Amino acid sequence: MFERLIDHHCHGVSPANLDPPGFSALMSEAHKPHSAFFGSQFDKPLGLAIRRWCAPVLGLEAFASPQDYVARRQALGAEEANRRLLRAAGVTAMLIDTGHRAGDILDCAGMAAASGVPCPEVVRIEAVMEAHADAGGPVDSYPDRLAERAEKAVGLKSIVAYRAAFDLDPARPGSAEVRSAWSRWLEKRATTGPRRLEDPVLLRFALWCALDLAAPAALPLQLHVGFGDRDIFMQRCDPTIFTPFIAEAEEAGVPITLLHCYPFEREAGWLAEVYSNVFLDVGAVLNFTGPSAIRVLSDAMEMAPFSKLLYSSDAFGLAELHHLGRLQFETALRTILDRWVAGGSATRADADHIAGLIAFGNAERIYRRF
Amino acid sequence: MFERLIDHHCHGVSPANLDPPGFSALMSEAHKPHSAFFGSQFDKPLGLAIRRWCAPVLGLEAFASPQDYVARRQALGAEEANRRLLRAAGVTAMLIDTGHRAGDILDCAGMAAASGVPCPEVVRIEAVMEAHADAGGPVDSYPDRLAERAEKAVGLKSIVAYRAAFDLDPARPGSAEVRSAWSRWLEKRATTGPRRLEDPVLLRFALWCALDLAAPAALPLQLHVGFGDRDIFMQRCDPTIFTPFIAEAEEAGVPITLLHCYPFEREAGWLAEVYSNVFLDVGAVLNFTGPSAIRVLSDAMEMAPFSKLLYSSDAFGLAELHHLGRLQFETALRTILDRWVAGGSATRADADHIAGLIAFGNAERIYRRF
Amino acid sequence: MFERLIDHHCHGVSPANLDPPGFSALMSEAHKPHSAFFGSQFDKPLGLAIRRWCAPVLGLEAFASPQDYVARRQALGAEEANRRLLRAAGVTAMLIDTGHRAGDILDCAGMAAASGVPCPEVVRIEAVMEAHADAGGPVDSYPDRLAERAEKAVGLKSIVAYRAAFDLDPARPGSAEVRSAWSRWLEKRATTGPRRLEDPVLLRFALWCALDLAAPAALPLQLHVGFGDRDIFMQRCDPTIFTPFIAEAEEAGVPITLLHCYPFEREAGWLAEVYSNVFLDVGAVLNFTGPSAIRVLSDAMEMAPFSKLLYSSDAFGLAELHHLGRLQFETALRTILDRWVAGGSATRADADHIAGLIAFGNAERIYRRF
């Protein structure tokens, strides 16, 4: 259906030979995925989709049982399972966010080797600040440190939604304020050991440094929105709250890509209509909604300009999520566009043009270093 | 379609022989249901559904006129109409919330007699506190009073969403704070007569007493969410705001069942994915959306684990709502699952397994006293 | 499908012979519609709909290219293009909001001439206050000024959502407070020249004057909700936040019509169920969602009483939006009702009755001066 397909936001896969609990834990965004309240993690939309679509890639019948599936995966070994699933995904390139649990998953080089496609890096600005604190650097050199880390990167990413939510003061913080927040944070770290970055002043500083760095190159800044684990305070992660900062990024000419967005896909689509620099995807939500993925992509496609939609799998840990992401996206997009054509709302040529924009055209336009 | 079906949250029906205004008022969540702005209360999705599905149970043609419908109901008498409609509902058990307008509707025994099925009680924690204040009890004995009231109950329920919304401070209040709030409330009541419980400290106290009581038995705590009458401040009833308390309940091992949820079904489904103890239904919304019920159940089924969905009618007052609730649920669920099977997303065995979990399996797992 | 069709909320069209950038700008709610990030403004749902449905009205093939479309429009001239498109819309009457960019578009008389149908006025209360300040009037005479301006109007409109959002204090402000806010505003205007009305006290005063004026005649008060340009702080424009004021209007017997509502259609539908005086439409959203319009109308029709839904195009500037609005509405409504009939949820007579209420019956009932 596509000439090319760019997964503009995903993570590495686990190199471990996962046993049933390990596999289940990576199927879930839950803090306690093995609670008896859940029963099996396969009893959800994602579980159906893995049994349906991934089992055949590992040489099983479609709808193999959870037990058979994980046993087969273990028998093949992680390397072979990952290789098969990543190649079945068949994307042209994967832009890898390296800032989350980097020690547990393959890095960009490992992902390129396993998948056989280019895997350039997207740098998470909060992770760079945490590493900078670990290394004892002064806050004044964070901008340089970020620039160095991002030298070969194709984009930046922020998870401010997880750390302070979008009702953050959008103004650039003053230097004195930043230095004093840095000192307070270092003092706490001196007592407790490494701590994740949650200070709102430092988060704002990181965001503004990201804009400063991104602006000259129109380097996209990815923003986590909505769906994720329970660290999110969901209502304060509605991206429409972050419009003051988005407007600053628009002035600076920096594209903002809103990731996942659930349950704010429509809000994100409206932002893409009114802010020239806003782009969006529905990421991992296509996987986590299994048979209902088409509803979620349809939400995003209600109002968003076709020139503003992107594809991502947001896969983390399981190569299954890379394979499924592509499959769910392609199936849902084809179904939507076929209905438009059948209903007389678009020509076939329009449908092909729209599919091309979303699959690769828009990503190629904004990821200019790629 | 189901071996068994448990309506895990509903209310009693009116024993009165309802005239047209009385019937219309119970079809509506409006404060002024007889305003000329509405025209007829039958001019809405619920009105269509009653004429379509309940008329035949009373011996009329489908789509009888509103006038004929209510006249026929009056001619049969309340007892016969209730008996026919409750038995047509054909559920295996009804868990009855007895805390709302108890004087106007049948109690558990009355409902069991009318329906012919077990009707255990769910105790509303705010109603118990109001009765405790009426009886002049000291606040320190509220926990004992609640335990007594709930001795034969199968679950607890809170309507904190109606009384203080979910942006309540989630912390357990201190005793001094509780006693002083209790005194202030009693003083007001001494002047004005019985008043409903709205004090946030006392509401928090009731919630924490409920957790203390529920924890050893893993007794579920039902939470009203979203859809209801105009007493709700809707935006502050988004259940994602209540996650600090939900997390406390998770630590305590207490299942939280989110009721109705509209328009937050997707938020509720995400909570069920990330919190092991969160369960949900779409309750009365299936009735109030008539021909569109499938859209609402589809929202809830997008992301929620199949092991976390429940059935309820949330029927109050009209036996029609018990009958319709079951019908709307069964029709919507069957249609959704048939589409999944037809589209190759699930096997027929998967569909049956999922239907069983939602219809009775999950309820039987968490309502352990039932 | 309808005997009559009343567009209860729209604006005038541009009399200018629009070139490609001028046409594109009116297709967009964006601040920077010509940013390279967008590519073409035709690359969105609205663009497809214009090429599909408006091209034939101008004598082109369906799906003409954007270039051919605008060139043909320029060749015909604005007057002829407007005439064709407005007459193709085929509505019975258009209620015109004259308070936005009045200098750029046709007035009521111009619209009546171009369309051949009655075009009574809806008066925007904030615009009247701005004009009153421009004219140097004292704030005490604003109520008289508003009454004069509205003498021949069929309704009032407020855009308080754009200016202060719905978390405004709903109480009627005191005279001293109003006078002092007025003085502060006039002082600012003395320095900076005309400024738009943003002061919350004056906005509240305008709203209460509108209620006072509207109450004796049950004159509807239209409220902008949700979808619009980036001046909106979306989350604070959820109409459920405005219930304290809506309740005041209910007491006064004043119908409130919630306009556009996206992404709060469901919230608006619930408000229409619980507040007797709440009505709603989905306005311009039907145009901006192109092939997905049916999803949006379906949201609104989930729970809202049929007696509470209205039709509007919310067209501004482009006569295309008048034509499309009608087409999108009629197609979506017919499809929804046909499905209800086919699925056995409604009879054909019910469907016709519902269509008539939404198309004209409800508007005729509440716009009593029309």
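How many helices and strands make up the secondary structure of chain A? In this predicted model, chain A contains 16 helices and seven strands. The C-alpha trace of chain A extends over about 60 × 50 × 40 Å along its principal axes. For a chain of 370 residues, a compact globule would be expected to have a radius of gyration near 21 Å, and the 20 Å computed for chain A agrees with this.

Several local features of the chains were identified. Within helix H4 (residues 78-89) of chain A, A:Arg84 and A:Glu80 lie four residues apart and are therefore separated by about one helical turn. The side chains of A:Arg84 and A:Glu80 form a salt bridge, with an N to O distance of 2.8 Å. Over all chains, the structure holds 99 salt bridges.

Backbone geometry was also examined. The peptide bond between A:Tyr262 and A:Pro263 is cis, with omega about 0°. A:Pro263 is placed in the loop that runs between strand S6 (256-260) and helix H12 (265-274) of chain A. In chain C, a cis peptide bond likewise leads from C:Tyr262 to C:Pro263, omega being near 0°, and C:Pro263 is found in the loop between strand S6 (256-260) and helix H12 (265-274) of chain C. A:Phe63 is not a glycine, yet has a positive phi of about 65°. This residue, A:Phe63, belongs to the loop between H2 and helix H3 (66-76) of chain A.

The relation between the chains was then determined by superposition. A turn of 120°, with a shift of 0.0 Å along the axis, lays chain A on chain B with an RMSD of 0.0 Å. The two copies are thus related as by a three-fold rotation axis. A:Gln235 is the residue of chain A that comes closest to this rotation axis, its C-alpha lying at 5.3 Å. For chain B and chain C, superposition is achieved by a rotation of 120° with 0.0 Å of shift along its axis, and the RMSD is 0.0 Å. Here the C-alpha of B:Gln235 is the one in chain B nearest the axis, at a distance of 5.3 Å.

The surfaces through which the copies meet were compared. Only 8% of the interface residues of chain A are also interface residues in chain B, so the copies meet through different surfaces.

At the interface of chain A and chain B, 36 residues of chain A and 41 residues of chain B take part in the contact. About 3300 Å² is buried between chain A and chain B, and carbon and sulfur atoms account for 57% of this area. On the side of chain A, the residues that lose the most area to chain B are A:Phe37, A:Arg230 and A:Arg295, which together give 22% of what that side buries. Eight salt bridges are counted between chain A and chain B. One of the salt bridges joins A:Asp299 to B:Arg266, whose closest N and O atoms are 2.6 Å apart. Across the interface of chain A and chain B, 19 residue pairs are in polar contact. Helix H2 (45-54), helix H13 (285-288) and helix H14 (293-303) of chain A are the elements that supply two or more residues to the side touching chain B. Of these, H2(A) gives the most, with four residues. By class, that side of chain A comprises 18 nonpolar, seven polar and eleven charged residues.

At the interface of chain B and chain C, 36 residues of chain B are in contact with 41 residues of chain C. The area buried between chain B and chain C is about 3300 Å², with 56% of it on carbon and sulfur atoms. Eight salt bridges are counted between chain B and chain C; B:Asp299 and C:Arg266 are joined by a salt bridge of 2.6 Å, N to O. The number of residue pairs in polar contact across the interface of chain B and chain C is 19. Two or more residues of the side of chain B that touches chain C come from each of helix H2 (45-54), helix H13 (285-288) and helix H14 (293-303) of chain B. The largest contribution is that of H2(B), with four residues. The residues on this side of chain B divide into 18 nonpolar, seven polar and eleven charged.

Conventions:
Residues numbered from 1 in each chain as written. Chains lettered and ligands numbered in written order. Predicted model: local features only at pLDDT ≥ 70, side-chain atom pairs only at ≥ 80, totals over all residues. Heavy atoms only, no water. Least-squares fit on C-alpha atoms with pLDDT ≥ 70 in both. Contact = heavy atoms within 4.5 Å. Buried area = accessible area lost by both parts, 1.4 Å probe. Salt bridge = Lys/Arg side-chain N within 4 Å of Asp/Glu carboxyl O. Polar contact = N/O pair within 3.5 Å; in protein donor to acceptor, adjacent residues only side chain to side chain. Nonpolar A, V, L, I, M, F, W, Y, C, P; charged D, E, K, R; others polar. Rg over C-alpha atoms; globule rule 2.2 N^0.38 Å.
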